[in-house]
Amino acid sequence: MERKVSRISLASEPNVTYFLQVSWEGTIGSGFVITLTDGHSAWTAKVSESEIAQEADDMAMEQEKYMDELRRALVPESGAAGAYKFIFSKDTQHFSLEKELKDVSFRLGSFNLDKVTNPTEVIRELICYCLDTIAEKQAKNEHLQKENERLLRDWTDVQGRFEKCVSDKEALEADLYQRFILVLNEKKTKIRSLLSEVQQLEKSTKPERETPSSDKIPEEDGLYDGSTDEESGAPVLGADTLDKDDSLFSSPDVTDIAPSRKRRHRMQTNLGTEPKMAPQELPLQEKERCFFSR
């Protein structure tokens with residue numbers, strides 16, 4: 001069973017403190033027990049679910065909305081108690097509560113309370129509940145405080161580790177940067193030495209390219225050292241031979257021997273430069289002459 005105790009003031013006695021206790025099982029809409037005391041006397045009543053539904057119908061409100069408003073009035077949160085007005089008459093033992101708006105107020109509910117014959121027991125139970133609640137809250141606060149201290153220690157430890165990691169990271173970055181600078185300088189030095197070697201090699205090969213080659217001159221001159229047919233003493237055909245050949249070419253019954261004449265002319269031209277072929281060409285010329293003479 002859940003229970004809630006709150007301190008209220010009645011509209012008829014604003015300077016007198018009353019204690020209102022509400023206990024219920026499940027939800028307030030399923031019914032609750034209300035107890036009111038001023039420290040000397042006590043009044044109590046049990047409100048059923050049907051009575052709550054009847055109150056909601058009388059106010060023309062939805063039951064869920066009415067129960068929500070009733071819970072806020074009977075179990076007030078911090079700062080919400082001033083929005084509700086409690087009215088109680090000791091003579092009639094009628095208890096009612098109203099919700100105050102700007103200029104108007106409307107009744108949320110009214111209950112008939114019964115006076116408790118032994119208010120001491122009710123007050124003792126109320127005090128015990130308050131003490132138990134205080135002890136529970138205190139234990140919870142102590143647990144939360146210890147948890148906060150543990151979290152603070154963990155946070156301090158994590159912060160120390162984080163700072164150490166940051167310092168190690170910075171030291172590692174500095175070391176890697178120094179190594180990178182050394183490697184970079186070595187590469188720059190190698191590149192400069194290679195460039196200087198390439199430049200020296202280009203300078204050394206440049207004069208050789210500009211100097212003309214003397215080996216090609218004799219070869220070019222050798223092209224003009226050959227002798228002509230007249231200088232080599234090769235035999236030249238006479239005019240009578242050429243006339244005979246022309247008469248043969250003009251005859252209609254004789255086949256064209258222009259290829260033979262061209263081949264013979266080339267062989268006569270090459271007699272001075274190819275002496276080895278002369279012995280083979282001369283018999284061929286003699287055979288052709290004998291053939292045409294027939």
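For my notes, Ala, Val, Leu, Ile, Met, Phe, Trp, Tyr, Cys and Pro count as nonpolar, Asp, Glu, Lys and Arg as charged, and the others, Gly among them, as polar. I'm working from a predicted model.

**Entry 1: the cavity**

I started by looking for enclosed space. How many cavities of 30 Å³ or more are there? I got one. The largest cavity holds about 40 Å³ of space.

Next I looked up what lines the largest cavity, and I found Phe19, Gln21, Thr35, Thr37, Val122 and Leu126. I sorted that lining by class and got three nonpolar residues, three polar ones and no charged ones. Where do these residues come from? Strand E2 (17-24), strand E3 (32-37) and helix H3 (119-210) each give at least two residues to the lining.

**Entry 2: the sheet of five strands**

E2 and E3 came up in the cavity, so I followed them into their sheet. It is an open sheet of five strands in the order E1-E2-E3-E4-E8, and the pairing is antiparallel. Which strands stand at the edges? They are strand E1 (2-9) and strand E8 (114-115). Each has a single partner strand, so one side of each has no neighbour in the sheet.

I then zoomed in on E3 and strand E4 (residues 42-47), which run antiparallel and are joined by six bridges. I checked one pair there: Thr37 has Ala42 in E4 as its bridge partner. I had already met Thr37 in the cavity lining.

**Entry 3: the sheet of three strands**

There is also an open sheet of three strands, ordered E5-E6-E7 with antiparallel pairing. Here E5 and E7 are at the edges with a single partner strand each, so one side of each is left without a neighbour in the sheet. On average, neighbouring strands of this sheet are turned by 20 degrees against each other, ignoring direction.

I went through the pairs one by one. E5 and E6 pair in the antiparallel sense over six bridges. In that pair I found Lys85 opposite Glu98 in E6. E6 and strand E7 (residues 105-112) also run antiparallel, joined by seven bridges. Here Ser96 stands opposite Ser110 in E7. E6 and E7 make a hairpin, and four residues sit between them.

**Entry 4: an odd phi**

I stopped at Gln93, which sits in the loop between strand E5 (84-89) and strand E6 (94-100). What is its phi? The phi of Gln93 is near 55 degrees, a positive value in a residue that isn't glycine. I made a note of it because most residues other than glycine have a negative phi.

**Entry 5: following H2**

What does H2 lie across? It lies across E1, E2 and E3, and it runs at about 30 degrees to E3. I then checked the sheet of three strands, where H2 touches E5, E6 and E7. Its direction makes about 75 degrees with that of E7.

Last, I looked at how H2 meets H1. Helix H1 (residues 49-58) and helix H2 (residues 63-74) pack at an angle of about 105 degrees, and their axes are 9 Å apart. That angle makes H1 roughly perpendicular to H2, since angles of 65 to 115 degrees count that way. On the H1 side I listed Ile52, Ala53, Glu55 and Ala56, which meet Gln63, Tyr66 and Met67 in H2. By class, this contact has five nonpolar residues, one polar and one charged.

Conventions
Residues are numbered from 1 along each chain as its sequence is written. This is a predicted model: local features need pLDDT of at least 70, side-chain atom pairs count only at pLDDT 80 or more; totals for chains, interfaces and linings use all residues. Side-chain values use heavy atoms; hydrogens and water are left out. Axes are lines fitted to C-alpha atoms, for helices over the stretch in contact, and angles run from 0 to 180 degrees between N-to-C directions. Angles under 35 degrees count as roughly parallel, over 145 as roughly antiparallel, 65 to 115 as roughly perpendicular and the rest as oblique. Contact means heavy atoms within 4.5 Å. On a 1 Å grid over the protein atoms alone, a cavity is a set of points where a 1.4 Å probe fits but cannot get out, and a pocket is an open set with protein on both sides within 12 Å along at least five of seven lines; lining residues have an atom within 4 Å of a point. Grid points are joined across faces, edges and corners, and a volume is the space filled by probe spheres set on the points. Two strands pair if DSSP finds at least two bridges between them.
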